[in-house]
Amino acid sequence: MFAAVMGVILFVAGRVGGRRNDRVVAYAYLAPALLMLAVGLVYPGIRTIYQSFFDASLQSFIGLDNYKTIFTDPDQLVVLRNTVLWVVVTPFVATAIGMLYAILVDKARMESFAKALIFLPMAISFVGASIIWRFVYTYRPDQPGVQQIGLLNQIIVWFGGEPQQWLVESPLNTFLLIVVMIWIQSGFAMTVLSAAIKAIPDDIVEAARLDGVGPWGMFRFVTLPSIRPAVVVVLTTIGIGTLKVFDIVRTMTGGQFDTSVIANEFYSQSFRSDNQGLGAALAVLLFILVIPIVVYNVRHLRASESR
Amino acid sequence: MSTTSDAQTAPLTAQKPTAAAVAKRRLTSPWASLAAVIIAVVWTIPTFGLLISSFRPEKEIKTTGWWMFFSDPTVTLDNYRAVLDPETGVGLGDYFVNSIVIAIPSVLIPLFLASLAAYAFAWIKFPGRNLLFLAVFALQVVPLQVALIPLLRLYVSSGLSNTFWTLWLSHSAFALPLAIYLLHNFMREVPAGLLEAARIDGAGHVAIFFRVLLPVMLPAMAAFAIFQFLWVWNDLLVALTFAGGGTEVAPVTVALANLSGTRGTAWHLLSAGAFVSILVPVAIFLLLQRYFVRGLLAGSVKG
């Protein structure tokens, strides 16, 4: 069916010749994509914004009450707090680790292999990554004859500590979930920053070196300023991805023990608690939070290009 | 950005020191190497531990840590048999097939539609072009969550629910803004003379698109295709929303997430299941890493 539609479009486009008919071709080429965007993204988006002003069953109009709930209800405030933690911690730590690693393995032997090790988690699904890390955090009751099978608790035991139920204690558990996201995203940061570092002109480096600039000075005055646009892009990209994180929270804790974030809460409210109005409001909030990051990103990109 | 040459991914001149290399050398190499090794080990060990576990007998996984494997190595394929066989375990094999059935059209449809649209945006002048392009670009901002529930209603009322169409159409629509933007950027880089020459030879839009642009665009399209494939294969949210109810169309991520929720301590199933789901994306990643990195760089930093 799909192939048939495309065949017709191409046939029609092939028939109309001459530059006067360029418009017809342009619209024919654009039509399927624009139609799909309108039905799949624009209409549903507007509909969700509209529904965010309605009650749980979408029956009666309640104005801004859903938004009031998000900012006053104690459970929802925990969700907001967690989201802030995620967005503040993840991009910076992942970028820092990625940058450090990119500098450390630059020009090293087996550089591409070393990079692949850090990069590989990006190919693993969030669900897969969550299972990998749930295993690291696994807890066994601390009784004689019972051995730990989770690496983290085993390390604690080796150092003479008590094994913990890591994913139950708030707010520690949120940080342990953030570790998973950092684990996945550092490879992305490393790849982009490594390319940016390699693009720094040699003569600048050489000149700085002849001036006797030390390693820290080299990083501070040469590397960092040169790759600043890339750093901004990496930070904002990871930030946007982190805002929408859902799979990790759902697979590791299901949002229990005070670990829920906006994206996960949206799912729980919409599909589990049957509170569609609140779910829609959470989705809209997510939308609103993403906008400034993207605008900043685009502006920064424009500014660095025009220089 | 140079689209057709590999110069960008190839290392720069080998002898001249880069800023990072200088910084590193002065950082007294042993410590720098040690730090790099520590990061690499921390990044690899979690996956490695689960991989080892997936080959250990069920009883041993549940009583001793995977590191004990080295003092008492016993290898079995029972766990993989258990997760794949619909009779004894969870039947991950069916979900695996579903994932493939979902992923391939979800890559091809947006790729094809986006390259048509990108062609129109890049090489045909028509009224409203800039405004439309800006609108498409701006749609990248919309998070999936905003579109899911009305879309679900739409599918139910049109009778598409619980078919693969819901996933194909959703993934395609969600991918279009980025795909159009990326392919448009690449198409703009093609020298105008090339198209002009083809036009003088009497080639129409269709001929130009297929004979001139498509061959040049292949690396860019490959980059997008890999991205979209990994994204669709690894997706949980869209799959849960549209295919979470029925088992006929759910992909492997949904099956695995459910397994993790209902049998969270069945590590023999979880470990083997995780690796069944990881197999395809990791293989693709390792084989096509070059394109993947290129796509990553094109999508985020221009340069």
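**Reading core and surface in a predicted model**

Modeller: Start with B:Ser106. Leaving out residues up to four places away in sequence, B:Ser106 touches B:Leu167, B:Trp168, B:His171, B:Ser172, B:Gln228 and B:Val232. Keep in mind that this model is predicted.

Colleague: Is B:Ser106 buried or exposed?

Modeller: Buried means under 20% relative accessible area. B:Ser106 has 0% relative accessibility, so it counts as buried. It lies in helix H5 of chain B.

Colleague: What does helix H5 of chain B give to the largest nonpolar core?

Modeller: Helix H5 covers residues 92-123 and gives the most to this core, with 17 residues. The core holds 194 residues. Those touching the most other members are A:Trp86, A:Tyr101, A:Ile248, B:Tyr119, B:Ile180 and B:Met187.

Colleague: Where does this core lie with respect to the domains of chain B?

Modeller: Look at which domains supply residues. Domain 1 (2-54) and domain 2 (92-297) of chain B both do, so the core lies between them.

Colleague: Which residues are in contact with A:Tyr101, beyond its neighbours within four places in sequence?

Modeller: In chain A, they are A:Ala114, A:Lys115, A:Ile118 and A:Met190. In chain B, they are B:Ala36, B:Ile39 and B:Ala40.

Colleague: Now the surface. Which residues make the nonpolar patch of about 420 Å²?

Modeller: B:Trp31, B:Leu34, B:Ile38 and B:Val42 make it. Take B:Val42, which sits in helix H2 (residues 29-54) of chain B.

Colleague: How should I class B:Val42, by its relative accessible area?

Modeller: Partly exposed lies between the 20% and 50% cut-offs. B:Val42 has a relative accessible area of 41%, so it is partly exposed.

Methods
Residues are numbered from 1 along each chain as its sequence is written. Chains are lettered from A and ligands numbered from 1 in the order in which they are written. This is a predicted model: local features need pLDDT of at least 70, side-chain atom pairs count only at pLDDT 80 or more; totals for chains, interfaces and linings use all residues. Side-chain values use heavy atoms; hydrogens and water are left out. A nonpolar core is a set of buried Ala, Val, Leu, Ile, Met, Phe, Trp, Tyr and Cys residues joined through side-chain atoms within 4.5 Å. Buried means under 20% relative accessible area, exposed over 50%, partly exposed in between (1.4 Å probe, protein chains only). Helices (H or I, at least four residues) and strands (E, at least two) are DSSP runs, numbered from the N terminus. Domain bounds come from an automatic or database domain assignment. Contact means heavy atoms within 4.5 Å. Patches are made of residues with over 30% relative accessible area and no salt bridge: like charges are joined within 9 Å, nonpolar side chains (Val, Leu, Ile, Met, Phe, Trp, Tyr) within 5 Å. Accessible areas come from the Shrake-Rupley method with a 1.4 Å probe; for residues, only the protein chains shown count as cover. A salt bridge is a side-chain nitrogen of Lys or Arg within 4 Å of a carboxyl oxygen of Asp or Glu.
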